[in-house]
Structure formats: C-alpha cells, structure tokens
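Please look through the sequence and the model below before reading on. The text after them walks through selected parts of the fold.

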Amino acid sequence: MKIGIHYQTQYAYTEPVSFSTHLFRLFPKSDRYVSLRRLAFQTNADAQVNYRRDLFDNEIASCFYPEKSALLQAALQIELELTPRNAFDFLLDSPALNLPFTYTAREAHALSPYLQNRPAPLLPFWQPPIEPQPTVETLVSLNSALHEHLAYERRDEGAAYTPEETLQLGRGACRDFAVLLAEVARGLGLAARLASGYLCEFESDDKRAEGALHAWTEIYLPGAGWVGFDPTNGYLCNHHHITAAVGFTPEDISPILGRYYHSTHVPANMMATLQITPHD
C-alpha cells in the first residue's frame, strides 16, 4: 500500500512576536513495514533548520527563527509504502505468558524509566487480575475497556489530562487515552511509553483521528518487544499506525514543541490540516 501524507500548520498572531527554537517531531520511523519514499519539510523562510535524533531516537527538525514574525508555519509532504502487519504476530517469552510477570534484571535495568512503583489508577469499569491471567488477553481487555467506557473528544491544543482528570470527566482526546493506559500498565508492573504519529483510517467508518495527528501507548512484552495499543479505538496497532515519536511523557512526543515571546499576551489563531490518501 502506498500512501501520501500532507500536513500543514500555522499560528497567526495579531502582531509580530519572537519565537523560541521549535522542535518538530513529524517524521515517520522506517522499519520493515514502513518504507519512506519521499519527504519534504518547510517552515518560515528565514528559519535555520537542523535535523537530529533526540534522547528517544526520534528524528527532530530543530528550527531557530531569528526574526520576529506574526506568522509561524510549517508544511510536510511524505510518501510512504506500507507492508501489511498482523498486530498479533508475535510470541511471548514463557515467563511473560501470564500477568503478573517479572522482567529479568537486564530488562528491568534498561526499562527502568518506563516503570513505576506506585499503584495503578483505579478504573471503575475494569479490575486488574487477582490471580495469573494470560498477558495478551488481559491487556486486550484493558484496552477495550478504556475505549468502551470513555468518550472521545477532539482537542487539538492543550496539555494532556492526568489519568484522574480523564476518569473524572469520562472523556478525553487520544493523548489522554494514551496517558491513562500507560499509567495503568505501569501500575501493573509493565514498562509503557507513549507514541505519536499518523493513523490511516481508509477502511473505518468511525474516523476519530481524521485530519489530526494521533497518539497511542506501547507496552514492552518480552519476546514481542514494544507492542502498540490504541485505547482510543480499542485495538492493537498495526501498519495503519505510523509512528513519528516515542517517549515517556506527553511532552516527549509532542509533534510541535516551542513558545513565543512578547511583553504582553498576544492572541493567535491556530490552524492545522492533515490529509492521508492512498496512492496507486
């Protein structure tokens, strides 16, 4: 399957402002299922753009804007070739077949930033197993429960809700679902991280991420590696989920990270469009 991704965003301020260095995490990670054929990135004409890898090995465009401006804009054109991937095509190591399980000392050391020692947030609609249960079946049940019991809301700007806020409101954007699932998984003794990128919804009637970037959760399962779970939609991630960034916190995976400077508050009008289309 060949697809094209066209993303544009702009912030139009009511008067010229100064900008901090902005980080753009919009570039797909290539693997055996995702092949990058073409990529073009543009931002303000006077910007100095440097490309680098961050702490999580995400590719970043680091953009310095030397002059004041009333407009910050960016555009990205991507052509990809996707190979179908079965989300359940993995085998767990024997010790990880049932929850709870314990990572090896080597795994626990490498995964320590993604683990936590505090209890999982309490979900009124799902209970953790009180005796050993199949790992994949349990996580699929948790992922589905979040999808079924929390309402989805489109929220293009603003920080992610805390798990407590999401549960109290009974709704959230995709990044709120991802944070909640990661915290519950960590509370179960599992290493979890956040992911952001693109979701192809060509065959879906319920297009929750259409026209917007998407976020989900990845959980490390020995023998399988990092397995993606999409609680917003209630299923495991496959080749339709195109990862651009991974990290521990929502800030680590923010597609655009930066701020403006001015002596007073300056209102801005933010617009973003995303189109993902199949190619012949």
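What follows is a tour of two sheets, a few individual residues, the cysteines and a pocket. The model is a predicted one.

The five-stranded sheet comes first. Its strands are arranged in the order β14-β13-β12-β11-β15, the pairing is antiparallel, and the sheet is open. The edge positions belong to β14 and β15; each has a single partner strand, so one side of each has no neighbour in the sheet. Further in, β11, which covers residues 192-199, pairs with β12 in the antiparallel sense over six bridges. Within that pairing, Arg193 faces Glu218 of β12. β11 is also joined to β15 by six bridges, again running antiparallel, and here Ser196 is opposite Ala245 in β15. Although β15 stands at an edge of the sheet, the strand is mostly covered, with seven of its seven residues buried.

Thr217 gives a closer view of β12, the strand spanning residues 214-221. What surrounds Thr217, leaving aside residues up to four places away in sequence? Its contacts are Ala178, Leu181, Ala182, Ala192, Arg193, Val227, Gly228, Phe229 and Pro231. The relative accessible area of Thr217 is 0%, and because buried means under 20%, the residue counts as buried. The side chain of Thr217 has a polar atom 2.9 Å from the backbone oxygen of Ala178. Ala178 is thus among the residues that Thr217 touches.

The loop between β14 (235-236) and β15 (241-247) contains His239. Is His239 buried or exposed? With a relative accessibility of 12%, His239 counts as buried, the cut-off being 20%. His239 touches Leu82, Thr83, Pro84 and Arg85, again without counting residues up to four places away in sequence. For one of these, Thr83, the separation from His239 is 156 residues in sequence, while the C-alpha to C-alpha distance is 6.9 Å. For another, Arg85, the backbone nitrogen is reached by the side chain of His239 at 2.8 Å. The His239 side chain also makes a polar contact with the side chain of His240, at 3.5 Å.

The next sheet has four strands. It is open and antiparallel, with the order β4-β5-β2-β16. At its edges stand β4 (48-53) and β16 (256-257), each with a single partner strand, so each has one side without a neighbour in the sheet. Starting from the β4 side, six bridges join β4 to β5 in an antiparallel arrangement. Tyr51 is opposite Ala61 in β5. β4 and β5 form a hairpin with five residues between the strands, and in this hairpin Asp57 has a positive phi near 70°. β5 (residues 59-64) then pairs with β2 over three bridges, in the antiparallel sense, and His22 stands opposite Cys63 of β5. On the other side of the order, β2, made up of residues 22-24, pairs with β16 over two bridges, also antiparallel. Here Phe24 is opposite Ile256 in β16.

Cys63 leads to the cysteines. How many disulfides does the structure hold? The count is zero. For Cys237, the closest cysteine sulfur is that of Cys174, and the distance of 11 Å is too far for a bond, because a disulfide requires the two sulfur atoms to be within 2.5 Å. Cys237 is buried, with a relative accessible area of 5%. Cys63 is buried as well, its relative accessible area being 0%.

Last comes the open space. Rolling a probe the size of a water molecule over the atoms shows where empty space remains. The largest pocket holds about 1100 Å³ of space. Its lining consists of 38 residues, and those nearest the centre are Asp156, Glu157, Ser254, Pro255 and Ile256. The elements contributing two or more residues to this lining are β1 (2-19), α4 (174-187), β12, α5 (250-253), β16 and β18 (268-279).

The pocket connects back to both sheets described above. β12, a strand of the five-stranded sheet, gives two or more residues to the lining. So does β16, an edge strand of the four-stranded sheet. Ile256, which stands opposite Phe24 in the pairing with β2, is one of the residues nearest the centre of the pocket.

Technical notes
Residues are numbered from 1 along each chain as its sequence is written. This is a predicted model: local features need pLDDT of at least 70, side-chain atom pairs count only at pLDDT 80 or more; totals for chains, interfaces and linings use all residues. Side-chain values use heavy atoms; hydrogens and water are left out. Buried means under 20% relative accessible area, exposed over 50%, partly exposed in between (1.4 Å probe, protein chains only). A polar contact is a pair of N or O atoms within 3.5 Å; within protein, one must be able to donate a hydrogen and the other to accept it, and residues adjacent in sequence count only if both atoms are side-chain atoms. Contact means heavy atoms within 4.5 Å. Two strands pair if DSSP finds at least two bridges between them. On a 1 Å grid over the protein atoms alone, a cavity is a set of points where a 1.4 Å probe fits but cannot get out, and a pocket is an open set with protein on both sides within 12 Å along at least five of seven lines; lining residues have an atom within 4 Å of a point. Grid points are joined across faces, edges and corners, and a volume is the space filled by probe spheres set on the points.
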